[in-house]
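Please explain how this chain is organised, with attention to the way its helices pack against one another. A guided reading in formal prose would be appreciated.

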Amino acid sequence: MQKLKTIIQYECTTSFKYIWYFYGIELLIVSLIFMIIAITMGSIQRPSVSCLETNTIVYVGVLGALGFKEDFKMLIQNGFTRKYIFISTVSLFAFVSGIMALVDTIIGNSLSHILYAYSTMFESIYGYNNVFANWLLLFLLYMVICELLYLVILVIYKAGKNLSICLGVSLGGIILLITAVFQYVLSDEVVNNISQFAIKAVGFMADGTINYLFPVFSLFLLVAVLGIGSYIIIRRTELK
């Protein structure tokens with residue numbers, strides 16, 4: 001357990017400072033945008049930016065994509081097991097996602113009250129009526145993005161370049177096939193039932209209310225599935 005604690009501390013400590021670099025650059029750019037608006041229009045009541053969380057999605061996606069190869073080589077060479085490497089990586093994703101979801105929730109709520117017409121991703125979908133749900137859904141969304149990109153990189157590393165290209169083409173073909181099935185094969189009733197299920201999965205009930213448990217469960221399920229998939233692959237991954 002001491003080795004696991006050491007590797008988790010190493011991963012989190014190494015990544016912690018880059019979070020604040022990211023927010024420093026983001027807030028600097030946003031401030032410059034609002035200053036330009038204030039100078040040219042005489043007001044900052046028409047922000048040209050919203051949903052700053054999309055920037056965080058890009059950041060955690062890069063984190064997930066880059067969170068494997070170099071650390072995997074270093075940790076394997078230093079005697080850490082694949083199980084410990086996987087747990088430490090997921091812990092890093094949870095650590096970064098939790099902090100960034102909290103910061104984005106605070107910034108989003110603050111800007112929404114200060115600046116006219118600014119809206120966050122959560123507000124655009126659900127409205128501002130539950131700050132905790134805002135943080136929790138952002139946290140789970142960031143975890144999904146991290147684990148999805150992590151799984152993709154694992155597959156590419158494990159399969160090799162040529163097979164990965166084949167898998168990518170096959171995936172594109174499957175998506176096109178599913179789209180064609182929805183358009184030309186399934187009845188309108190079946191498509192409508194699937195659509196209603198998808199709408200309910202993100203929390204919108206038939207009576208017009210919002211149930212946050214459904215999107216939380218849906219995102220948690222995705223996190224679990226992606227995590228299991230990543231663990232299955234990393235257990236069989238050799239150092240190249």
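**Helix packing in a predicted model**

H4 and H6 are oblique to each other, because their axes cross at roughly 140 degrees and an angle has to be over 145 degrees to count as roughly antiparallel. The structure discussed here is a predicted model. In it, helix H4 covers residues 82-114 and helix H6 covers residues 131-159, and their axes come within 8 Å. The crossing of these two helices is right-handed.

The H4 side of this contact includes Thr-89, Val-90, Phe-93 and Ala-94, as well as Met-100, Asp-104 and Asn-109. On the H6 side, the participants include Val-131, Trp-135, Phe-139, Met-143, Glu-147 and Tyr-150. Taken by character, the residues of the contact between H4 and H6 comprise 14 nonpolar, six polar and two charged.

H4 also packs against helix H2, which spans residues 53-66; here the axes come within 11 Å and cross at roughly 170 degrees. H2 and H4 are therefore roughly antiparallel to each other. From H2, the contact draws on Glu-53, Thr-56, Tyr-59, Val-60, Leu-63 and Gly-64, while H4 supplies Leu-92, Phe-93, Val-96, Met-100 and Asp-104. This contact of H2 with H4 is made up of seven nonpolar, two polar and two charged residues. Phe-93, Met-100 and Asp-104 of H4 thus appear in the contact with H2 and also in the contact with H6.

Leu-66 is another residue of helix H2. Is Leu-66 buried or exposed? Its relative accessibility is 63%, so Leu-66 counts as exposed. The C-alpha atoms of Leu-66 and Ile-153 lie 8.1 Å apart, although 87 residues separate the two in sequence.

The wider chain provides the setting for these contacts. It has nine helices and zero strands, so that the order of elements from the N terminus reads α-α-α-α-α-α-α-α-α. Of its 240 residues, 36% count as buried. Among contacts with a separation of 6 or more, 78% involve residues 24 or more positions apart.

Confidence should be kept in view when reading the model. The mean pLDDT of the chain is 83, with 87% of residues reaching 70 or more. The lowest confidence falls in helix H3 (residues 69-77), at a mean of 66, and the highest in helix H9 (residues 213-234), at 94.

Key. Residues numbered from 1 in each chain as written. Predicted model: local features only at pLDDT ≥ 70, side-chain atom pairs only at ≥ 80, totals over all residues. Heavy atoms only, no water. pLDDT = per-residue confidence, 0-100. Helix = DSSP H or I, 4+ residues; strand = E, 2+ residues; numbered from the N terminus. Axes fitted to C-alpha atoms, helices over the stretch in contact; angles between N-to-C directions. Parallel < 35°, antiparallel > 145°, perpendicular 65-115°, else oblique. Left-handed = near helix turned anticlockwise from the far one by under 90°. Contact = heavy atoms within 4.5 Å. Nonpolar A, V, L, I, M, F, W, Y, C, P; charged D, E, K, R; others polar. Buried < 20%, exposed > 50% of the residue type's maximum accessible area, 1.4 Å probe, protein only.
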